[in-house]
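I opened this entry to record a few local features looked up in the structure. The sequence and the structure come first, and my notes follow.

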Amino acid sequence: MATVIKGLEGVVAAETRLSNVDGLAGELTIAGFPVETLAPRASYEEVLHLLWRDALPTAGQLAELRSKMLPQRTLPPGTLEIIKEAAVARVHPMDALRMGCATLSIGDPAPDDSSFAANLDRAIKLAASFPTIVASFWRLKAGQTPVPPRDDLGHAANYLYMLTGQEPAPAAAGALETYLNTVVDHGLNASTFTARVIVSTQSDMVSAVTGAIGALKGPLHGGAPGPALDMVFEIGRPEKAEAYLKAKLARGERLMGFGHRVYKVRDPRAEVLAQAADALFARTGDRALYELVQAVEKIALRVLEEHKPGRNLQTNVEFYTALLLHGVGLEADIFSSTFAVGRVGGWTAHVLEQQRDNRLIRPASVYIGAFNRQWLPLESRRESAN
Ligand code: ACO
């Protein structure tokens, strides 16, 4: 009988030039750069070029990419209509993003063109419009009108501007940009794998990215930072952390922001984000929260080691995501969508990579059901127990 590898743990299903996750050394390389080098220095647009073209852009290439992205920041009317409906229905922000994203194939000038150039244009459209979808939905849901994008602001600063209607402080825009760069790509994580599976059937990029949003929504993947922040606020003071965390584990709950399928040491992205949060909070003066988060982390790691000895449940990216995004002024409900605003760069790059050297992704399963059941006519059937 075939061995079932549940959760495909350890299965190598693709070659990629986009990122390397070394879970034992705690190292993340993004297209050749350690995340610690790339994330705090690059603009998000530079990282997009790096992933899509496998090279940092020259000044001319960067200007060209920006000029292609700017008009795509404005949503097509059909997309805005769906977002309005979603706001009226008060759906989850990730559902609104999924619905908005799905409409982006409307108006594709050549839907059957699967050339690299056509797909790059789709990638540009997706990456450029995500912040507008998220921000427009957010404002509409709060009873406010969407704020049109501003061409003179970079990707991260413009996202914050569209959320708040105010030009963000450079420190906040810089911290958000570091965040978007930090989470842009991360090996064959669940949402990226989803995107690659979809496009491996020779489906299209918008379908692949729409599916990836669905995968990212779950609390085991991109849905953790909101609950992680709630947890820190509920704890409130370091003295309360141990009892709170132990009670949570005793109820069989997981500590959000800890544990990872690949990392058995501290997630290197947590350190990049902790440093960015440290710099941001030093400016805004809200040191108390930063210090509380650090104290909770320390106690959580000890409590987790006692709870699952030898499992090496360490801090993951989501714990400091919560702190950083809160620091730049975002509310917890929008954290996962902001993750998608960053990760769309990786999803689209993986789609381009999969398309370059495609083979249908189609694993096998082991059948554990019955054979040769007796067929009964409808009137002779009884309800089964399950
Ligand atoms: N809190 C408590 N226990 C945990 C945690 C946690 N955060 N993480 C893992 N465990 C326990 C599990 O209960 C399990 O114990 P068991 O085997 O005795 O049942 C053991 O550690 C191993 O856990 P798995 O779920 O098998 O590990 P997996 O590799 O599948 O999980 C995951 C990784 C999903 C991230 C997990 O650690 C988790 O649920 N963490 C909390 C949610 C979270 O922070 N998600 C964000 C991840 S980062 C990202 O996707 C961007």
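**Entry 1: strand pairing**

I began with the bridge partner of I30, which is F33 in β3. The model is a predicted one, and I read each feature below on that basis. Strand β3 covers residues 33–34, and 2 bridges join β2 to β3 in an antiparallel arrangement. I then looked at the hairpin of β2 and β3, where 2 residues lie between the strands. In that hairpin A31 takes a positive phi near 45°.

I next turned to the other neighbour of β2. Strand β1 (residues 19–22) runs antiparallel to β2, with 4 bridges between them. For D22, I found E27 as the bridge partner in β2. The hairpin of β1 and β2 has 4 residues between the strands, and G26 there has a positive phi near 70°.

**Entry 2: the two faces of β2**

Which residues of β2 lie on the covered face, and which on the uncovered one? For this strand, residues 27–30, I noted L28 and I30 on the covered face. E27 and T29 form the uncovered face. I recalled that side chains in a regular strand alternate between the two faces of the sheet. E27, on the uncovered face, is thus noted here a second time, having appeared above as the partner of D22. I30, on the covered face, is likewise the residue that pairs with F33.

**Entry 3: α12 against α14**

I looked up the packing of helix α12 (residues 238–250) and helix α14 (residues 287–307). Their axes are 9 Å apart, at an angle of about 40°. An angle of about 40° is not under 35 degrees, the limit for roughly parallel, and it is below the 65 to 115 range for roughly perpendicular; the two helices are therefore oblique to each other. I recorded the crossing of α12 and α14 as right-handed.

From α12, the contact is made by P238, A241, E242, L245, K246 and L249. From α14, the contributing residues include L292, A295, V296, I299, R302 and V303. By class, I noted 11 nonpolar, 1 polar and 4 charged residues in this contact.

**Entry 4: A322**

Is A322 buried or exposed? This residue is found in helix α15, residues 317–327. Its relative accessibility is 2%, so A322 counts as buried, the cut-off being under 20%.

I then listed what A322 touches, leaving out residues up to four places away in sequence: P225, A228, L229 and F335. For A322 and F335, I noted a separation of 13 residues in sequence and a C-alpha to C-alpha distance of 7.4 Å.

Methods:
Residues are numbered from 1 along each chain as its sequence is written. This is a predicted model: local features need pLDDT of at least 70, side-chain atom pairs count only at pLDDT 80 or more; totals for chains, interfaces and linings use all residues. Side-chain values use heavy atoms; hydrogens and water are left out. Axes are lines fitted to C-alpha atoms, for helices over the stretch in contact, and angles run from 0 to 180 degrees between N-to-C directions. Angles under 35 degrees count as roughly parallel, over 145 as roughly antiparallel, 65 to 115 as roughly perpendicular and the rest as oblique. A crossing is left-handed if the near helix is turned anticlockwise from the far one by less than a right angle, and right-handed if clockwise. Contact means heavy atoms within 4.5 Å. Ala, Val, Leu, Ile, Met, Phe, Trp, Tyr, Cys and Pro count as nonpolar, Asp, Glu, Lys and Arg as charged, and the others, Gly among them, as polar. Buried means under 20% relative accessible area, exposed over 50%, partly exposed in between (1.4 Å probe, protein chains only). Two strands pair if DSSP finds at least two bridges between them.
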